[in-house]
Amino acid sequence: MALQVELIPTGEIIRVVHPHRPCKLALGSDGVRVTMESALTARDRVGVQDFVLLENFTSEAAFIENLRRRFRENLIYTYIGPVLVSVNPYRDLQIYSRQHMERYRGVSFYEVPPHLFAVADTVYRALRTERRDQAVMISGESGAGKTEATKRLLQFYAETCPAPERGGAVRDRLLQSNPVLEAFGNAKTLRNDNSSRFGKYMDVQFDFKGAPVGGHILSYLLEKSRVVHQNHGERNFHVFYQLLEGGEEETLRRLGLERNPQSYLYLVKGQCAKVSSINDKSDWKVVRKALSVIDFTEDEVEDLLSIVASVLHLGNIHFAADEESNAQVTTENQLKYLTRLLGVEGTTLREALTHRKIIAKGEELLSPLNLEQAAYARDALAKAVYSRTFTWLVRKINRSLASKDAESPSWRSTTVLGLLDIYGFEVFQHNSFEQFCINYCNEKLQQLFIELTLKSEQEEYEAEGIAWEPVQYFNNKIICDLVEEKFKGIISILDEECLRPGEATDLTFLEKLEDTVKHHPHFLTHKLADQKTRKSLGRGEFRLLHYAGEVTYSVTGFLDKNNDLLFRNLKETMCSSMNPIMSQCFDRNELSDKKRPETVATQFKMSLLQLVEILKSKEPAYIRCIKPNDAKQPGRFDEVLIRHQVKYLGLMENLRVRRAGFAYRRKYEAFLQRYKSLCPETWPTWAGRPQDGVAVLVRHLGYKPEEYKMGRTKIFIRFPKTLFATEDSLEV
Ligand code: ATP
Ligand code: MG
């Protein structure tokens, strides 16, 4: 442990200043000892570094007080056993340097102050020594610091792991995939200036020497509605502003773009093109460079930019009604650029934007669209073009990250470390289909979290030969079933309604829901509610009682968003595109495929089930991120906001499970090493087995039988006060 030593000789005692744990260095006649400076005072000031050491572990107030004390001291990390709780400091604490990385390498989890790098290193060592795949799951609400944590972890591995024998470029690619994905998938929202608008799971593959040799990304549900609409104070995806600010004159001329974001309807709705914390111009440079690192040719970059520009042009397409109220395109210039950039026929595109093709009795009919329908078709096209390009981008990055050694025998011996950075639980004033999907995702992950934490507790007790005491906990399976069950679940009912075009509406969906799940304890609507609750529910709403709290969803738009249909002739037009990226995004087979594509909710459900299987097959580690205030400001600890997060992240429950048996456990070697000075028989060295040494030591310390148990490799201590008493007796 690296200590700053401040030489203030006070008798025989020299003060040692450690940034997180004040210590004393005692020069005794029998040697040098480093001990905690008055452990009691330190605890008062900086709290405990593991919540399991809280005396009053069921008290939420004590939990929050501990967080507050640590936050005040800029100690943003605290454990619940192996789980890392992190509070966003909203300031650069200078704690992620190369030096910090080194400090946490190869040391035991509990011997150093809690840190993201301690988790990073523990996970990596388990991967190497046990050769088991690992998954780090990072959760928390928007702005809590998930993406920052993911980036720091990647950086840790990129900098500290050995370089692979071949294909060293993979480290750069892993790092450089980030700015590209962020440009296309992140946006400024009211909650976060760099909010990820998609879920991400990234695998990093390591060879048998522990060098990163490849990677793979899975992305989840991009919030594509943002392409055409942003709330006040929010922006579209970063890439649009970056291109306009940072693109070269020549490029913009080719794309037919003006620099000013105000010229584009898709960029003005939120009325905040400029954000003080964001430098679009320099970000664009980073993205351009990153694109070449991840194997984009100059042609591919051009094709990609053509698509970005065409979305902006699409937004500026205007319609006017002719005498029969049919929509006509009035913005010829935009149409001209679109035709060129997308490589499609002008007349075909014009027709597709203003007509709908219907196939009736084997015959094709063109039905003209009115103004509203044409605007809808235009926006649908913009969303489809953008979101499919995003999917393409992920595929392209994956090709670049794919291990070049995939065919060689050593491939089989790779191990995988997964990083999950996925949207947290969301409750807004107005909640729609997107929040429904996101919150369902959180239910699934919470279920997995509970299952795995309990399972690992149980396994540890079994492995150590200690009787397991079952813990009562809330199992949220009932809510997951309510959403995903076949035939009776909300998604099934929604899909059923989506199969009745022309007849079904958002409201018939709600009625069907009411009929099918009326007596469910976690489901409520205006009709089903009692007199008192009814007032708080609108007629077009349903309420789910999630594990994290109640959320009321408006059904408006559910059918449409779930169907996600693009008029056939728009699809045909895009399938004929000469832009190579577009032609990969819109496949002709889609046109002849008679089978209905899966709905959005069902696709999402299937991808989540797959994600859960991936995560289950790995050794889990957890980082639970907390946002301290809504103002994005350093030093502000908003207790109400934090209490809410502690609740819905299930931290109290997590702590209860962890504390159900024993508050504290430690390997015999580590325990003996730390406390052997307290017993003349074990100090300065113990010659026998560490386990026997610990037995002698605790007998000497007067531990009562009910206070501890001896497992196969670890001592388990039931109450924190036992440990604190021992810690305090280290006092010189
Ligand atoms: P979202 O769900 O919206 O994507 P998020 O949880 O990914 O949110 P981040 O983008 O990681 O949130 O963090 C938001 C901002 O908070 C960052 O841009 C950064 O300014 C600040 N921040 C987060 N973590 C840290 C940290 N460890 N140190 C300093 N600043 C941080
Ligand atoms: Mg994020």
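**Ligand 1 and the magnesium site**

In this predicted model, a backbone N or O atom of Gly-145 lies 3.0 Å from an oxygen atom of ligand 1, which is a polar contact (a pair of N or O atoms within 3.5 Å). Backbone N or O atoms of Glu-148 and Ser-196 likewise lie 2.9 Å and 2.8 Å, respectively, from an oxygen atom of ligand 1. Taken alone, ligand 1 exposes 640 Å², of which the protein buries 85% (Shrake-Rupley method, 1.4 Å probe).

**Shell around ligand 1**
- The shell holds 17 residues, among which Ser-142, Gly-143, Lys-146, Thr-147 and Ser-195 come nearest.
- Helix α5 (146–160) and strand β9 (195–196) are the elements that give two or more residues to this shell (DSSP runs of H or I, at least four residues, for helices, and of E, at least two, for strands).
- The largest share, three residues, comes from α5.
- By class, the shell has four nonpolar, nine polar and four charged residues, with Gly counted as polar.

**Magnesium ion (ligand 2)**
- The protein donors are Thr-147 (OG1) and Ser-196 (OG), lying 2.0 to 2.1 Å from the ion (donors are N, O and S atoms within 2.8 Å of the metal, or 3.2 Å for Na, K and Ca).
- Thr-147 in helix α5 and Ser-196 in strand β9 are 49 residues apart, so the pair links distant parts of the chain.
- Thr-147 is buried (under 20% relative accessible area), with a value of 14%.

**Basis**
- Residues are numbered from 1 along each chain as its sequence is written, and ligands are numbered from 1 in the order in which they are written.
- Local features need pLDDT of at least 70, and side-chain atom pairs count only at pLDDT 80 or more, while totals for chains, interfaces and linings use all residues; side-chain values use heavy atoms, with hydrogens and water left out.

Conventions. Near = heavy atom within 4 Å. Polar contact = N/O pair within 3.5 Å; in protein donor to acceptor, adjacent residues only side chain to side chain. Buried < 20%, exposed > 50% of the residue type's maximum accessible area, 1.4 Å probe, protein only.
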